[in-house]
Amino acid sequence: MEKLIACCGIDCVSCDARTATINNDNELREKTAEKWRIQFNSPEISLEMINCTGCREAGVKFGHCEECEIRNCVKSKGFETCGDCDELDSCAIVGNILQYVPEGKANLRSLKK
Ligand code: SF4
Ligand code: SF4
């Protein structure tokens with residue numbers, strides 16, 4: 001369960017892409033693609049791209065998560081998540097996401113308990 005907190009603090013359990021992948025649910029894939037095309041201003045997102053088992057889980061990743069600057073930074077420093085990093089409170093990279101995910105920091109800190 002803990003591994004389903006992403007490097008940035010997002011809870012992958014509540015992500016529709018993961019749910020659609022686990023259940024192989026094309027209806028949810030299409031709904032998610034439609035929602036994300038608007039939400040992230042990314043008209044290129046297709047049903048086929050909605051496949052992800054979670055940021056820190058083995059298996060397929062949604063393309064944007066595979067290329068994620070935060071995920072790559074965490075990996076390059078040998079951390080599990082940004083929760084292991086002393087720069088968490090001042091970091092602009094993860095800060096860009098955390099401003100939209102109010103529970104993110106608490107999720108990261110909960111991993112250290
Ligand atoms: S890593 Fe995958 S499951 Fe987690 S938030 Fe990103 S798309 Fe969703
Ligand atoms: S520098 Fe920022 S993005 Fe990189 S591990 Fe630390 S908090 Fe995360």
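## The shell around ligand 2

In this predicted model, α4 contributes the most to the shell around ligand 2, giving 3 residues. Two helices, α4 (69–76) and α5 (92–98), each provide at least two residues of that shell.

If you would like to pick the surroundings out on screen, look around ligand 2 for I70, C73, V74, K77, F79, C82, C85, E87, L88, C91, I93 and V94. Sorted by class, the shell around ligand 2 holds 10 nonpolar and 2 charged residues, with no polar ones.

## The shell around ligand 1

Now over to the other ligand. Surrounding ligand 1 you will find A6, I10, C12, C15, A17, R18, C52, G54, C55, F62 and C65. These divide into 9 nonpolar residues, 1 polar and 1 charged. Glycine counts as polar and arginine as charged, so the polar member of the ligand 1 shell is G54 and the charged one is R18.

## A closer look at L4

L4 sits in the segment that precedes α1 (16–22). Is L4 buried or exposed? It falls in between: L4 is partly exposed, because 18 other C-beta atoms lie within 10 Å, whereas a buried residue would need 20 or more.

Setting aside neighbours within four places in sequence, L4 makes contact with D11, C12, V13, G54 and E57. Two of these partners, C12 and G54, are also among the residues that surround ligand 1. As for A20, it is 16 residues from L4 along the chain, and the C-alpha atoms of the two are 15 Å apart.

Note on methods:
Residues are numbered from 1 along each chain as its sequence is written. Chains are lettered from A and ligands numbered from 1 in the order in which they are written. This is a predicted model: local features need pLDDT of at least 70, side-chain atom pairs count only at pLDDT 80 or more; totals for chains, interfaces and linings use all residues. A residue is near a molecule or strand if its C-beta atom, placed from the backbone, lies within 6 Å of it. Helices (H or I, at least four residues) and strands (E, at least two) are DSSP runs, numbered from the N terminus. A residue is buried if 20 or more other C-beta atoms lie within 10 Å of its own, exposed if 12 or fewer, and partly exposed in between; C-beta atoms are placed from the backbone. Two residues are in contact if their C-beta atoms, placed from the backbone, lie within 7 Å.
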